[in-house]
Amino acid sequence: MNNKELAKNVWESLKGSAAKAKKFEDLVAVSFSLLSEDNEDIYVVVREGQLMVEPYHYDDNNCEAEASADIIAKMFSGELAFDKALGDGSIQIKSGDPAKLKALECLVPSRNSNNKPVSKSGKKQTAAAGTTAKKK
């Protein structure tokens, strides 16, 4: 999977989370370097409440990570927990704040036992340390 296909895949997983992104007060900009022959990148950014996923490198990121396209796709589809991927080395932080990567996990749709998306409860979630949600 190349960076354009991965960006589309990640967007498809996250596009239903636009309302959750509006609750972010802080910039969360994570650039992912794909472990591939082409050294391609994608980024996932929540800036001013807007969610963006693009097949490029994000220069002003606050976290840069490296993983295979399959691992990134599994993380954003809800098949692989971010902490598990970090813990087993499937994804590695190259620079920046790992909490910013973890902050994106609250945008990932929950999965039931049949691996189908389900809605989360209406409870407000704190994304991660250093990232806060807007209060109503």
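# A guided tour of the sheet and its helices

Begin by selecting Phe32, whose bridge partner in strand 4 is Ala65. The model on display is a predicted one. The two strands around this pair, strand 1 (residues 28–34) and strand 4 (residues 63–67), run parallel and share 5 bridges.

**The whole chain**

Next, display the full chain in a cartoon view. Its secondary structure comprises 5 helices and 7 strands. Read from the N terminus, the elements follow the order α-α-β-β-β-β-α-α-β-α-β-β. The chain has 136 residues, of which 42% count as buried. Among contacts with a separation of 6 or more, 66% involve residues 24 or more positions apart. If a surface is switched on, it shows about 7500 Å² of exposed area, with carbon and sulfur atoms supplying 45% of it.

**The sheet**

Now select the strands of the open sheet. There are 5 of them, in the order 3-2-1-4-5, and the pairing is mixed. Strand 3 and strand 5 (91–96) form the edges, each pairing on one side only. From one strand to the next, the twist averages 15°.

Move from strand 1 to strand 2 (41–47). These two strands run antiparallel and are joined by 6 bridges; within this pairing, Ala29 has Val45 in strand 2 as its bridge partner. The hairpin that they form has 6 residues between the strands, and Asn39 takes a positive phi near 50° there.

Is strand 2 enclosed or open? Of its 7 residues, 6 are buried, so strand 2 is largely enclosed by the rest of the structure.

**The turn into strand 3**

Continue along the chain to Glu48, in the loop between strand 2 and strand 3. This hairpin has 2 residues between the strands. The phi of Glu48 is near 55°, a positive value in a residue other than glycine. Is Glu48 buried or exposed? Its relative accessibility is 76%, and since exposed means over 50%, Glu48 counts as exposed.

Beyond the turn, strand 2 and strand 3 run antiparallel, joined by 5 bridges. Select Tyr43 to find one such pairing: its bridge partner in strand 3 is Glu54.

**Val53 and its surroundings**

Select Val53, which lies in strand 3 (residues 50–54). Val53 has a relative accessible area of 10%, and because buried means under 20%, Val53 is classed as buried. Which residues touch Val53, apart from its neighbours within four places in sequence? They are Ala7, Val10, Trp11, Leu14, Tyr43 and Val44. A distance can also be drawn to Leu6: Val53 and Leu6 are 47 residues apart in sequence, and their C-alpha atoms are 9.5 Å apart in space.

**Helix 1**

Select helix 1 (residues 3–14). At 1.5 Å a residue, its 12 residues should span 16 Å, and the end C-alpha atoms are indeed 16 Å apart, which agrees. Colour its buried residues: Asn3, Leu6, Ala7, Val10, Ser13 and Leu14. They cover an arc of only 125° around the axis and are therefore on the same side of helix 1. The face turned away from that side carries the exposed residues Lys4 and Lys8. The buried residues pack against helix 2 (18–21), strand 1, strand 2, strand 3 and helix 3.

**Helix 3**

End the tour at helix 3 (residues 69–77), which lies across strand 1, strand 2, strand 4 and strand 5. Its direction makes an angle of about 145° with strand 1.

Note on methods: Residues are numbered from 1 along each chain as its sequence is written. This is a predicted model: local features need pLDDT of at least 70, side-chain atom pairs count only at pLDDT 80 or more; totals for chains, interfaces and linings use all residues. Side-chain values use heavy atoms; hydrogens and water are left out. Helices (H or I, at least four residues) and strands (E, at least two) are DSSP runs, numbered from the N terminus. Buried means under 20% relative accessible area, exposed over 50%, partly exposed in between (1.4 Å probe, protein chains only). Contact means heavy atoms within 4.5 Å. Accessible areas come from the Shrake-Rupley method with a 1.4 Å probe; for residues, only the protein chains shown count as cover. Two strands pair if DSSP finds at least two bridges between them. Axes are lines fitted to C-alpha atoms, for helices over the stretch in contact, and angles run from 0 to 180 degrees between N-to-C directions. The expected span of a helix is 1.5 Å times one less than its number of residues. The arc is that of the directions from the helix axis to the C-beta atoms.
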